[in-house]
Amino acid sequence: NNAERICHDSKTLYKETEAGTLHTQAEGTRHLGERLQHIHFWKSELQRHIEKLVAETDLLLQQKRRLLKSLDATEIPFAIATDNLTCRERRLGPDLVKDHVEEELLKEVELISSIQALLNRTLSQAVNQIKYRTVKPCLQMKSNGSQSCSWGLKDALQLEISSKRLPTVTV
């Protein structure tokens, strides 16, 4: 009777242990599936963010090229206007006059120099933004694991809040 009871208890314990193991394994598999879906979600969010960043950087590079061309285009008119003014200043005696033409040349030189200053400021801002966009990811990748992890979690939370897209979990 003791042997049969021990066999029966052993079978019962075996079935309970097997059921517990299968339940724990199913629970672990479900958690891994959820984690995998979260990873895929954040990977796609990160990829979308990277693509957006690359597109914006390309636009900044195009803007930089246009600004450089615009700045170059102002050089010739500026040189001509200043050359005309210096030629007028070298005149002697009765030929040296202050007339409407000279006033317009002075206005033109002032206008072109202010446009060049504006273009230079805008160009400087574009270059700084391009540098920031290219340096920031490099610095983040070179930082140690905990810093890059905290950066990733912080950005992940910002992406989640800003995009209002929460990961969906299906089993």
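**A tour from E102 to the I50 patch**

Select E102 first: its relative accessibility is 6%, under the 20% cut-off, so E102 counts as buried. The model you are looking at is predicted.

Keep E102 selected and show the helix around it. E102 lies in helix 2, which covers residues 100-142. Next, add L85, R88 and V97 to the selection. These are the residues E102 touches once its neighbours within four places in sequence are set aside.

Now move to helix 1, residues 2-89, and pick I50, which is located there. Is I50 buried, exposed or partly exposed? Its relative accessible area is 39%, which falls between the 20% and 50% limits, so I50 is partly exposed.

With I50 still selected, add L46 and V54 and switch on the surface. Together L46, I50 and V54 make up a nonpolar surface patch, and their combined accessible area is about 230 Å².

Finally, clear the selection and show the whole protein chain as a cartoon. How many helices and strands does the protein chain have? The protein chain has three helices and zero strands, and along the sequence its pattern reads α-α-α.

Colour the protein chain by accessibility. Of its 171 residues, 13% count as buried, and E102 is one of the buried residues. The protein chain exposes about 13,500 Å², with 62% of that supplied by carbon and sulfur atoms.

Last, turn on the contacts. Among contacts in the protein chain with a separation of 6 or more, 78% are between residues 24 or more positions apart.

Notes. Residues are numbered from 1 along each chain as its sequence is written. This is a predicted model: local features need pLDDT of at least 70, side-chain atom pairs count only at pLDDT 80 or more; totals for chains, interfaces and linings use all residues. Side-chain values use heavy atoms; hydrogens and water are left out. Helices (H or I, at least four residues) and strands (E, at least two) are DSSP runs, numbered from the N terminus. Buried means under 20% relative accessible area, exposed over 50%, partly exposed in between (1.4 Å probe, protein chains only). Contact means heavy atoms within 4.5 Å. Patches are made of residues with over 30% relative accessible area and no salt bridge: like charges are joined within 9 Å, nonpolar side chains (Val, Leu, Ile, Met, Phe, Trp, Tyr) within 5 Å. Accessible areas come from the Shrake-Rupley method with a 1.4 Å probe; for residues, only the protein chains shown count as cover. A salt bridge is a side-chain nitrogen of Lys or Arg within 4 Å of a carboxyl oxygen of Asp or Glu.
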